[in-house]
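Hi everyone, thanks for coming. Let's take a look at a structure together, and please stop me whenever something is unclear.

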Amino acid sequence: MGYPHPIHPKETPVLSTHFGEMEARSLEGWVARGGYVALRQALEMTTEAIVDEVKASGLRGRGGAGFPCGMKWGFMPKDDGRPHYLCCNADESEPGTFKDREIIRWTPHALIEGCAIGCLGIRAETCFIFIRGEYTEPAEILERAVAEAYAAGVIGPDACGSGKRIDIFVHRGAGAYICGEETALMNAIEGKRGNPRIKPPFPAVSGLFGMPTTINNVETLAAVPHIITRGAAWYAGLSLSSPKSTGTKLISVCGHVQRPGTYEITMGLPMQELIFDLCGGMREGRTLKAVIPGGSSVPIMTPEEVAGCATDYEGIAASGSLLGSGGMIVMDDSTDLVYQIMRLARFYAHESCAQCTNCREGTAWTTRILERILRGEGKSADLDLLLDLADNMTGRTICVLADSCAAPVISGIQKFRPDFDAYLTGARAPVMVEA
Amino acid sequence: MSDATVSLSIDGMDVTVPKGTMLIEAAKQAGVVVPHYCYHPSLPSPAVCRMCLVEVEKLPKMVPACVTTAGEGQVVHVHSPAAKKAREGVLEFLLINHPLDCPICDQAGECELQDFVFQEGQAGTRYADYPKRFNPVEDFGHDVLYIPNRCILCTRCVRFMDHVAEESVLTVSERGDRATISIDPAHRLDHQWAGNVVDLCPVGSLVSKDFLHKARAWDLDKTASVCPGCTQGCNIMVDTRDEVVVRLRPRPNLEVNRHFICDTGRADYRWMNRGDRLEEAAVRGEQGLEGTAWESTLERVAALVAEGEGAVTVLLGGRVSTESIGWILRLLSGRRVTAAMRVPLGDEVPLAGMANLALRAERAANLHGAQLLGAGADWHAAVASAPDTDLVILVDAPLSDTELAVVARAGAVVQLSTVAEPGLENTAVLAPITSMVEEQGVFINRDGRAQRFLPARTPPGMARPAWWVAANAWALADEARTAPATASEALAALPALDGLTHAQLGFTGRVIAPVAAGGVR
């Protein structure tokens, strides 16, 4: 036995190698496992060399958008004389996603090292790690690790004796999903209401405190030390399907599988193998009904779409959804999709920051219609209404929260119409949901 | 095309605008109104209402016109089917929680939600089966009530307090469709300029307690005017209902007050509706002051001016027009004149986020007009000089009891007044004049900007503008003289104004004499 589950032969442990090892949390234990070698190496490198290495690795953003990391770092201005900031997005709030939590809980120094190298890659001296408010245990572990790293001089005014300054601050969120949106996160760090900002200006031009800023996901930054020590070519070689998706990906699987948990796979592993081999497949006597592959914001997949799907950015996109954050929700045939979609819509209605009209009113209205359908009071025109509202919410707002609410509604109605019809025709007994 | 401008097409209209212009302003120049709620030209744009989404060819999705800069060669569609559908969607979203209590809403008739729904909204609703969001009415303090049920969360009020008044007491509370505007519990909305949030509110969510249920917007007559409250000269609109002034609101003038006025100016209208106005002219006869016609009144004034040779003191109220000051002084030319304007002093209250905009310490609208025309003497010295003069001309200037006692010792007093000063036994002529809301005229503000105001109500009784009284008395002295027939002619005839007519001033005025901005004590 090891970490919640023993490493499966089809897993590729890179970030998760030391998950489950209590000693890996301490600086001493981390150094014994090869920690901070990459940072010392990076301190000897030029900024350009670091960025080139990350570019060559093909590392893409693990938070959901999948933007090439090296290219993002390359957007930062040169010789502008202003302070630069690195923000690490640890506000992992996407329903179904819990991979960053595992990185922080088990290998906090991996993140600190990644953040430090990230600072070097964007000419920043300061990194803010914005950690989800509900992550109290991971936050305490991370804060302890940061204090340890400061005390040992690994980071601080003279990081590893290099003469370079690297400061890392852990900023705890107050419990808002929207603060995981990169510009809302910056507002939150600045002490403002966590509302997304209009882009442009993009963060590389005017981000945190109006300064050039790069924001990366925990998993993205944690992968960087491995790229520095083992080389871009090694990382780029980790790809089973599309060459545009490289490296490993932590997938947090929840729902109706035998063994839910966080699995590290090489990009491109067939989704079928992930669900049925790594996670042990469905519960006894049950069959697969639907998969939300990348956190609740992405379209829902059918078993047919899952069947031929490679688990990487391109593969899932080709199957009608998105890799997203890698938070996979698996649902078997006992699942009432209408109810599940209502729960998602209710989540988004609750979390909408209330700035944009379409999102503020649209998410709440969508929820009410779904609740009405569940209560058996739905009308035949409701599905067309839901789709029309979804259209009015998609691509119309500052951030993508409204789109995220619309995506499961649209894909749910398109792909699981019988579930809706069962309520509308009265074939299925109403469910009592509070308005 | 030059380096400083870009040319683009908006709904088929070609337009050239300065670089950096936002599409929403470029569209205005093309004569196209892009419907909007959160955008306001005097506030930073958050692009949250999503009403101003427009299609720009070659861009993947619609963009908010309020924060998208106009680009060279862009082809913009404001009224394309997709843009209209987007707006229809936003209007539907805005209406689902809107109470539609237009019949009892003060904003009805001047409501941007009504206007745009009427233009482009749907006739019915698809949200019939749910209760609407409800929150109780809240008193934000001073003159402002918040009616959250009507609120569309455009956040103009929050941004005004944050970025213009720079006193961040309003914010958006809660998330999702539970969100409302709320006030810092430790504060009230009592900032001197806070009343502007009522005007900024595009719907009837922030309303003025003073104006509450006073009038329907469509019953109001609106008259362009200038605030008489201080030397800033904010442009205002005087709203009257059946000849009664019910409200003053800011009138945009980017050079003077942008879109704002202070609460002191906003509240300063009750004197305009005074019921105890002087309606009849009177001259002193054997029976004391005897009512008479204008002809004999003017003759008496002309005679008083012609008879004496000693000094004359002119005491002016702060709202006397440039025309009137100029003609009174012209009437007295040849005499030794001491002329002063009464300038009450108060605190100077700047609007922090706007350059050169403040409630000024000098609470007299035409102080700089008076100075320009030679009526800039010290008030106290002018009053003190009264006993040594044959004649005091008192033009609508309120006097304190001590001042009255001093002026009562003058040879004679001609009162050109809206309201008679009863304590003066030496009053020879009492002539009813119009107040600034009953006449056309010009004030000159502290920056030397001459600005027009127009008549908003009918003068009471036989009241005439003070310049008319002075000019006609002046004309009586010599058959060759002809009094000007209009205020514009009266202005143009003054040497200091050099032929300037009202038409040349337009509605935003013109700087005619840069006056050193500064206090006058």
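I'll talk about the place where two chains meet, and then about one helix.

Before we start, please keep in mind that this is a predicted model.

So, how many residues does the contact take from each chain? Chain A gives 33 residues and chain B gives 34 residues. Between them, the two chains bury about 2,900 Å², and 51% of that is on carbon and sulfur atoms. On the side of chain A, the residues that lose the most area to chain B are A:Glu361, A:Trp365 and A:Arg396, which together make up 23% of what that side buries.

Now for the charged pairs. There are eight salt bridges between chain A and chain B. One of them joins B:Arg175 to A:Glu351, with the closest N and O atoms 3.2 Å apart. We also count 21 residue pairs in polar contact between the two chains, both residues being at pLDDT 80 or more.

Which helix of chain A gives the most to the side that touches chain B? That's helix 15, with 10 residues. Helix 14 (337–351) and helix 16 (382–393) of chain A each supply at least two residues as well. By class, this side of chain A has 13 nonpolar, 10 polar and 10 charged residues.

Finally, please find helix 12 of chain B, residues 466–476. Nine of its 11 residues are buried, including B:Trp467, B:Asn472 and B:Trp474. What do the buried residues of helix 12 of chain B pack against? Their partners in chain B are helix 7, helix 8, strand 20, strand 21 and helix 13.

Key
Residues numbered from 1 in each chain as written. Chains lettered and ligands numbered in written order. Predicted model: local features only at pLDDT ≥ 70, side-chain atom pairs only at ≥ 80, totals over all residues. Heavy atoms only, no water. Contact = heavy atoms within 4.5 Å. Buried area = accessible area lost by both parts, 1.4 Å probe. Salt bridge = Lys/Arg side-chain N within 4 Å of Asp/Glu carboxyl O. Polar contact = N/O pair within 3.5 Å; in protein donor to acceptor, adjacent residues only side chain to side chain. Helix = DSSP H or I, 4+ residues; strand = E, 2+ residues; numbered from the N terminus. Nonpolar A, V, L, I, M, F, W, Y, C, P; charged D, E, K, R; others polar. Buried < 20%, exposed > 50% of the residue type's maximum accessible area, 1.4 Å probe, protein only.
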